[in-house]
Amino acid sequence: MAGIVNYIKESFSELKNNVTWTPWSEVQSLTILVAVFSIIFSLAIWGVDTVFSKAIGYYFNYFVN
């Protein structure tokens with residue numbers, strides 16, 4: 001059990017002293033950038049899906065009726 005506790009202490013020490021963290025302002029700007037592109041990409045996929053859905057609907061209505 002002491003090995004696990006020692007591992008956790010060393011892990012936190014490694015994170016605190018040896019990891020270079022990205023500045024908070026850069027994290028915020030990159031988060032906003034990812035959110036904006038995610039919204040744009042989801043709207044593009046929704047648009048393509050809508051067009052294909054209508055095209056398939058017209059296709060089946062034309063051949064069924």
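What follows walks through the overall shape of the chain, its first helix and a nonpolar surface patch.

The model is a predicted one. Its protein chain has a simple make-up, with 2 helices and 0 strands. The radius of gyration works out at 25 Å, whereas the globule rule gives 11 Å for 65 residues; that is well over the rule's value, so the chain is more spread out than a compact globule. The extents of the C-alpha trace along its principal axes are about 75 × 35 × 10 Å. As for burial, 0% of the 65 residues in the chain count as buried. The accessible surface adds up to about 6,300 Å², and carbon and sulfur atoms own 71% of that area.

Helix 1 covers residues 2–17. A quick sanity check on its geometry works out: with 16 residues at 1.5 Å apiece, the expected span is 22 Å, and the end C-alpha atoms do sit 22 Å apart, so the two agree. The number of buried residues among those 16 is 0, which means that helix 1 lies largely in the open. Ile-8 belongs to this helix. With a relative accessibility of 41%, Ile-8 falls in the partly exposed class, because that class runs between the 20% and 50% cut-offs. From Ile-8 to Ala-44 there are 36 residues in sequence, and the C-alpha to C-alpha distance is 44 Å.

On either side of helix 1, two residues are worth a look. Met-1 sits in the segment before helix 1, and its relative accessibility of 78% makes Met-1 exposed. Trp-21 is located in the loop that links helix 1 to helix 2, the latter made up of residues 24–64. Trp-21 also counts as exposed, at 61% relative accessibility. A polar atom of the Trp-21 side chain lies 3.2 Å from the backbone oxygen of Leu-15. Looking the other way along the chain, Trp-21 and Phe-63 are 42 residues apart, and 61 Å separates their C-alpha atoms.

Several of these residues come together again in a nonpolar patch on the surface. Its members are Met-1, Ile-4, Val-5, Tyr-7, Ile-8, Phe-12, Leu-15, Val-19 and Trp-21, and together they offer about 1,000 Å² of accessible area. The patch thus takes in Met-1, Ile-8 and Trp-21, that is, a residue from the segment before helix 1, one from helix 1 itself and one from the loop between helix 1 and helix 2. Leu-15, whose backbone oxygen pairs up with the Trp-21 side chain at 3.2 Å, is a member of the patch too.

Key:
Residues are numbered from 1 along each chain as its sequence is written. This is a predicted model: local features need pLDDT of at least 70, side-chain atom pairs count only at pLDDT 80 or more; totals for chains, interfaces and linings use all residues. Side-chain values use heavy atoms; hydrogens and water are left out. Helices (H or I, at least four residues) and strands (E, at least two) are DSSP runs, numbered from the N terminus. Buried means under 20% relative accessible area, exposed over 50%, partly exposed in between (1.4 Å probe, protein chains only). A polar contact is a pair of N or O atoms within 3.5 Å; within protein, one must be able to donate a hydrogen and the other to accept it, and residues adjacent in sequence count only if both atoms are side-chain atoms. The radius of gyration is taken over C-alpha atoms; the globule rule is 2.2 Å times the number of residues to the power 0.38. Accessible areas come from the Shrake-Rupley method with a 1.4 Å probe; for residues, only the protein chains shown count as cover. The expected span of a helix is 1.5 Å times one less than its number of residues. Patches are made of residues with over 30% relative accessible area and no salt bridge: like charges are joined within 9 Å, nonpolar side chains (Val, Leu, Ile, Met, Phe, Trp, Tyr) within 5 Å. A salt bridge is a side-chain nitrogen of Lys or Arg within 4 Å of a carboxyl oxygen of Asp or Glu.
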